[in-house]
Amino acid sequence: MEKSEIDALKEKVAELEAKLAGGRDDTKVPASASTTTGIQPIFLTQGRRLEVFKGSPVKPGDPTVQDWIIDMKSQLAVRNLGTSEQAAFVRDHLGGNARREILGRGDAVAEEIFTTLEKVFGSGDSLPVLLQKFFSYQQAPAEGLLECSLQLVTLYDRICFLDSSYKGSKMETLKGRLAETVYDEGLRRELRRLNTESPDLDFFELRDRALNWFGLSRKPKAATLQETSTSEKASIMDILKRQGDLLEKQQRQIEALTAERSSRPRITCYYCGKTGHIQRQCKKRMADLNRANESQAITKQPASQSPAEAPKE
């Protein structure tokens, strides 16, 4: 590197240090640095450095593409960067598959990069799918009011990301959905009333009032759910008791019939002398009759003269 280039770099570093010492927000190396020395601009982030986005999350600490894009837009908002410099700043914070995806597509402005990242590494939901999820979303019985409201905001922000025309009606739409989404019927009525009587309230003011009434950590219908559980338990116990009584009654009937049968005089067969059956049901008698009939059939001969009637000599 030539001495003039080194001197120019030292000069720019000193300028940057002076700006940082003075608390100025503009920490971008001027464009003249890249034109005079041929070196790409250097971006110094304020505070912590934004995490590099590498693609779909693989461990719990990895940011989702939506979270990363929100953080990146916040970073861009505090810098006075041109269009090409914004794209360079975004690419500088990409790695892995995400960086390969963007570099493979060639030059693109920051918004185009965000759109590509959302499509490739996002949930894959299209605008109609997100709209269906947003307008059909309902607070679950075990879900807190705060979690419910933030879920609505997340869904709507993703809708606005895909179609910016929805941004203009964001607060009104969120307020209307919150009043129809909450689980508690009384809270629904109160939110509808506030939307009518205080149309100037924004979504978060409306939500905060609901939190003041309902409580931050309280789950909807908690008492009712507990009462329902207790009632269902009592109903099950009542059914089990009735079934036990019925089984006991049936057992007593069986025991009574058994005792009645045992108290009756025992039946005796007159043919074989055994108990438990009568003569016409006796198996021994039937067997004897069968054997007698077979013997008679075998020994039966044709009619002939008797010895007494034979002629004398």
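A nonpolar surface patch joins residues with over 30% relative accessible area and no salt bridge, their nonpolar side chains lying within 5 Å. The exercises below use a predicted model.

**Exercise 1. The surface patch**

Name the residues of the nonpolar surface patch, and place isoleucine 236 in the fold.

*Solution.*
- Step 1. The patch consists of Ile236, Met237 and Leu240.
- Step 2. Together they have about 310 Å² of accessible area.
- Step 3. Isoleucine 236 belongs to helix α12, residues 222-263.

**Exercise 2. Fold and confidence**

Describe the secondary structure of the protein chain, then find where confidence is lowest and highest.

*Solution.*
- Step 1. The protein chain has 13 helices and zero strands.
- Step 2. Of its 313 residues, 27% count as buried.
- Step 3. The chain exposes about 21,400 Å², and carbon and sulfur atoms supply 53% of that area.
- Step 4. Take contacts with a separation of 6 or more. Residues 24 or more positions apart account for 53% of them.
- Step 5. Mean pLDDT is 77, with 73% of residues at 70 or more.
- Step 6. Confidence is lowest in helix α2 (residues 31-37), at a mean of 46. It is highest in helix α9 (residues 170-181), at 93.
- Step 7. Residues 22-37 stay under 50, and the model gives them 29 contacts beyond four places in sequence. Residues 220-225 are also below 50, with 11 contacts beyond near neighbours in sequence.
- Step 8. Where pLDDT is low, predicted coordinates should not be read in detail.

**Exercise 3. Three loop residues**

Classify histidine 93, aspartate 184 and lysine 274 as buried or exposed, and give the surroundings of each.

*Solution.*
- Step 1. The cut-offs are under 20% for buried and over 50% for exposed.
- Step 2. Histidine 93 sits in the loop between α4 (83-92) and α5 (96-104). Its relative accessibility is 1%, so histidine 93 is buried. A polar atom of its side chain lies 2.9 Å from the backbone oxygen of phenylalanine 89.
- Step 3. Aspartate 184 sits in the loop between α9 and α10 (185-197). Its relative accessibility is 15%, so aspartate 184 is buried. A polar atom of its side chain lies 2.9 Å from the backbone nitrogen of leucine 187.
- Step 4. Lysine 274 sits in the loop between α12 and α13 (283-299). Its relative accessibility is 57%, so lysine 274 is exposed. Beyond four places in sequence, lysine 274 contacts Ile267, Thr268 and Cys269.

**Exercise 4. Salt bridges**

How many salt bridges are there, and why are arginine 189 and glutamate 185 about one helical turn apart?

*Solution.*
- Step 1. Side chains of opposite charge can pair when their charged atoms come close.
- Step 2. The count is 13 salt bridges.
- Step 3. One of them joins arginine 105 to glutamate 101, with the closest N and O atoms 2.8 Å apart. Arginine 105 is exposed at 51%, while glutamate 101 is partly exposed at 25%.
- Step 4. Arginine 189 and glutamate 185 pair at 3.4 Å, N to O. They are separated by about one helical turn because they are four residues apart in helix α10. Glutamate 185 is partly exposed, at 46%.
- Step 5. Aspartate 288 and lysine 284 pair at 3.2 Å, N to O. They are four residues apart in helix α13, so about one helical turn separates them. Aspartate 288 is buried at 19%, whereas lysine 284 is partly exposed at 48%.
- Step 6. Salt bridges with shared partners also link Glu190, Arg193 and Glu197 into one network.

Technical notes: Residues numbered from 1 in each chain as written. Predicted model: local features only at pLDDT ≥ 70, side-chain atom pairs only at ≥ 80, totals over all residues. Heavy atoms only, no water. Helix = DSSP H or I, 4+ residues; strand = E, 2+ residues; numbered from the N terminus. Buried < 20%, exposed > 50% of the residue type's maximum accessible area, 1.4 Å probe, protein only. Polar contact = N/O pair within 3.5 Å; in protein donor to acceptor, adjacent residues only side chain to side chain. pLDDT = per-residue confidence, 0-100. Contact = heavy atoms within 4.5 Å. Patch = residues over 30% accessible without salt bridge, like charges linked within 9 Å, V, L, I, M, F, W, Y side chains within 5 Å. Areas by Shrake-Rupley, 256 points an atom, 1.4 Å probe, with all protein chains shown as cover. Salt bridge = Lys/Arg side-chain N within 4 Å of Asp/Glu carboxyl O.
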